[in-house]
Amino acid sequence: MLINIVAIALVLQLLLLVADIVFNTIVGIFYLQPQVQVAIYIVQDVVLLLAAGSFCALFCSSWYYVSGLLQPVFRLFGGIVLCWFIYFGLTLGMHVWVITAWYQNDSSVPFLPGYRALFTVQRLFSYVYYYVYLRKILSRTHRNVSMLDKRPLVKDVDGPNRSVQIVSSIQLRG
């Protein structure tokens, strides 16, 4: 049952990451339709918040957090939390800039130097965020799955006598 929870968490986090990538990609198609852009921005921000929530659930279920050891939690998850805050701040800043410009009837937003700089930094940092996020969820999921392989097995020792011996098996995954 625990493997299913780990698999569901991995699939959910990967879907949220793919949704963020898709929203970053398709928002440029709807440049002349501000209502569609606003809807995409809202959904993208909700997806980012859900990704942070799912990652918080992952880190709250870690052994270090449950036992109250905060320094290892910050060491394990501090980079991704910092990366998420920077990426979310850049994304939210860009969304707010575009939405306020659209509703002030300013159609020159993409041509302003400040917006171009923010757009470039946000898009470049998105690669860093995607890499760090994907690396962290795959490493955490791999650790959780490999910990599940340390379960006892029942082994038939005497054949027809049906006496059993419990053996601990550790399967290393590459």
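Guide: In this predicted model, a residue is called buried when its relative accessible area is under 20%, exposed when that area is over 50%, and partly exposed in between.

Visitor: Why is Leu-134 called partly exposed?

Guide: The relative accessibility of Leu-134 is 31%, and because partly exposed covers the range between the 20% and 50% limits, Leu-134 counts as partly exposed. Leu-134 lies in helix 5, which spans residues 113–148.

Visitor: How do you know that Leu-134 has partners remote in sequence, and which residues does Leu-134 touch?

Guide: Once residues up to four places away in sequence are set aside, Leu-134 touches Leu-14 and Leu-17, where a contact means heavy atoms within 4.5 Å. Leu-134 and Leu-17 are separated by 117 residues in sequence, while their C-alpha atoms are 8.0 Å apart in space.

Visitor: What share of the contacts in the protein join residues at least 24 apart?

Guide: Of the contacts between residues at least 6 apart in sequence, 64% join residues at least 24 apart. The protein has 5 helices and 2 strands, arranged from the N terminus as α-α-α-α-α-β-β, and 32% of its 174 residues are buried.

Visitor: How do you know that Asp-20 has no salt bridge?

Guide: A salt bridge requires a side-chain nitrogen of Lys or Arg within 4 Å of a carboxyl oxygen of Asp or Glu. For Asp-20, which is buried, the nearest side chain of opposite charge is that of Arg-123, at 7.3 Å, and because this distance lies outside the 4 Å limit, Asp-20 is left without a salt bridge.

Visitor: What makes the pairing of Asp-20 with Gln-44 a polar contact?

Guide: The side chains of Asp-20 and Gln-44 are joined at 2.8 Å, and because a polar contact needs a pair of N or O atoms within 3.5 Å, one able to donate a hydrogen and the other to accept it, the pairing is counted as one. Asp-20, in helix 1 (residues 2–26), also touches Val-47, Leu-48, Tyr-87, Tyr-129 and Tyr-130.

Visitor: Why is Tyr-65 called partly exposed, and which residues make the nonpolar patch?

Guide: Tyr-65, located in helix 3, has 38% relative accessibility, so Tyr-65 counts as partly exposed, the limits being 20% and 50%. The nonpolar surface patch, of about 450 Å², is made by Tyr-65, Val-66, Leu-70 and Phe-74, with helix 3 (63–67) and helix 4 (70–103) each supplying at least two of its residues. Over the protein as a whole, about 11200 Å² is exposed, and carbon and sulfur atoms supply 71% of that area.

How values were computed
Residues are numbered from 1 along each chain as its sequence is written. This is a predicted model: local features need pLDDT of at least 70, side-chain atom pairs count only at pLDDT 80 or more; totals for chains, interfaces and linings use all residues. Side-chain values use heavy atoms; hydrogens and water are left out. Helices (H or I, at least four residues) and strands (E, at least two) are DSSP runs, numbered from the N terminus. Buried means under 20% relative accessible area, exposed over 50%, partly exposed in between (1.4 Å probe, protein chains only). Accessible areas come from the Shrake-Rupley method with a 1.4 Å probe; for residues, only the protein chains shown count as cover. Lys and Arg count as positive and Asp and Glu as negative; His and the chain ends are not counted. Patches are made of residues with over 30% relative accessible area and no salt bridge: like charges are joined within 9 Å, nonpolar side chains (Val, Leu, Ile, Met, Phe, Trp, Tyr) within 5 Å.
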